[in-house]
Amino acid sequence: MSVEAQAAPSPVLRQWKMSDAGIVGLVFIVALGIGLWLAPNPRSMLLSVHATDYQRSQASLLVAIFVQLVAVTFTVIATGRIRGIADPLSSVAWNPNRYIGVCTLAGFGLAAVITVALTFSSSGVSRFRDGFAPLSILLYVVTTVLIQPFMEEYYFRGVLFIAVSERFGQFGTVALTSLLFGLYHVGGYRMIPVFLTVGVVLAIARIKTRSVAACFALHAAYNVGVLASGFLLAR
């Protein structure tokens with residue numbers, strides 16, 4: 001091998017741009033909508049095992065986010081190859097590090113604070129009325145603790161965060177990604193402040209830890225905390 005070949009620098013891998021974030025985001029939203037349309041009607045699913053309404057709705061959601069996962073994964077890989085972006089995880093700074101434990105505790109704490117705030121507000125707190133039904137807990141863990149937080153953190157604190165930060169700086173990135181995260185979760189105007197708060201905390205965690213994996217840990221722990229509070233308040 002020649003000296004020139006040995007000294008040749010490796011190709012520069014580019015970061016995600018706004019156009020990339022727009023494409024992935026469009027697929028992110030549309031694929032979830034298609035998945036919800038393809039999923040069986042929640043009230044007609046799992047009748048053979050006498051499932052609860054919650055179990056049927058979560059089973060439908062599982063179908064929907066699986067469609068979203070497949071579509072987004074294909075889009076990310078295809079875009080990365082065309083644009084010369086690094087592999088899917090390193091390209092968004094997945095970067096598991098020492099902050100994962102701290103972020104996990106922060107997620108539980110955030111869930112506790114928001115639960116207390118909602119308890120004394122007009123919004124109220126969602127109660128988990130299925131009790132310790134194994135199927136209900138399993139579906140919640142798979143959808144709401146694992147897949148959904150992974151997909152959302154990959155896009156909002158990964159692809160979108162990197163693309164936006166090149167133009168708007170830290171403050172603008174926190175504001176824009178948190179706003180879009182909150183709008184994505186709108187299920188009623190009373191819950192908008194909650195989702196915006198969670199979005200801001202996750203965006204700040206992304207800046208402080210430089211790790212999407214740490215944000216995923218915080219997000220997943222928050223959702224576990226919400227489940228735990230729902231258990232306690234339903235008793």
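Where does Arg190 lie? It's in the loop between α5 and α6, counting helices as DSSP runs (H or I, at least four residues; strands are E runs of at least two) numbered from the N terminus. Arg190 is partly exposed, with a relative accessible area of 44%. Here, buried means under 20% relative accessible area, exposed means over 50%, and partly exposed is in between (1.4 Å probe, protein chains only). The C-alpha atoms of Arg190 and Ser121 are separated by 9.7 Å, with their positions 69 residues apart along the chain.

A quick note on ground rules. This is a predicted model, in which local features need pLDDT of at least 70 and side-chain atom pairs count only at pLDDT 80 or more, while totals for chains, interfaces and linings use all residues. Residues are numbered from 1 along each chain as its sequence is written, and side-chain values use heavy atoms, leaving out hydrogens and water.

**The overall picture**

The protein has seven helices and zero strands, so to speak an α-α-α-α-α-α-α pattern when read along the sequence. Of its 235 residues, 40% are buried. Take the contacts (heavy atoms within 4.5 Å) between residues at least 6 apart in sequence: 79% of them join residues at least 24 apart.

Helix α3 can be checked against its expected span, which is 1.5 Å times one less than its number of residues. For its 31 residues that gives 45 Å, and the end C-alpha atoms are 44 Å apart, which agrees. Just after α3 comes Gly84, with a positive phi of about 75°.

**Inside**

The largest nonpolar core holds 42 residues. Such a core is a set of buried Ala, Val, Leu, Ile, Met, Phe, Trp, Tyr and Cys residues joined through side-chain atoms within 4.5 Å. Those with the most contacts inside it are Trp16, Ile114, Tyr155, Val159, Val198 and Tyr222. Helix α5 gives the largest share of this core, 12 residues. If you look past its neighbours within four places in sequence, Val159 is in contact with Trp16, Ala21, Val92 and Tyr154.

**Outside**

About 12,600 Å² of the protein is exposed, by the Shrake-Rupley method with a 1.4 Å probe and, for residues, only the protein chains shown as cover. Carbon and sulfur atoms supply 70% of that area. One nonpolar surface patch of about 650 Å² is made by Leu26, Ile29, Val30, Ile34, Trp37 and Leu38. Patches are made of residues with over 30% relative accessible area and no salt bridge, joining like charges within 9 Å and nonpolar side chains (Val, Leu, Ile, Met, Phe, Trp, Tyr) within 5 Å. Ile34 is in helix α2 and, at 40% relative accessibility, is partly exposed.

**Salt bridges**

A salt bridge is a side-chain nitrogen of Lys or Arg within 4 Å of a carboxyl oxygen of Asp or Glu. The whole structure has four of them, including these:

| Pair | Closest N and O atoms |
|---|---|
| Glu166 and Lys17 | 3.3 Å |
| Asp20 and Arg83 | 2.9 Å |
| Arg56 and Asp53 | 3.2 Å |

Glu166 in helix α5 and Lys17 in the loop between α1 and α2 are 149 residues apart. Glu166 is partly exposed at 41% relative accessibility, and Lys17 is partly exposed at 34%. Asp20 and Arg83 are both buried. Arg56 and Asp53 are three residues apart in helix α3, which means about one helical turn separates them. Arg56 is buried at 12%, whereas Asp53 is partly exposed at 43%.
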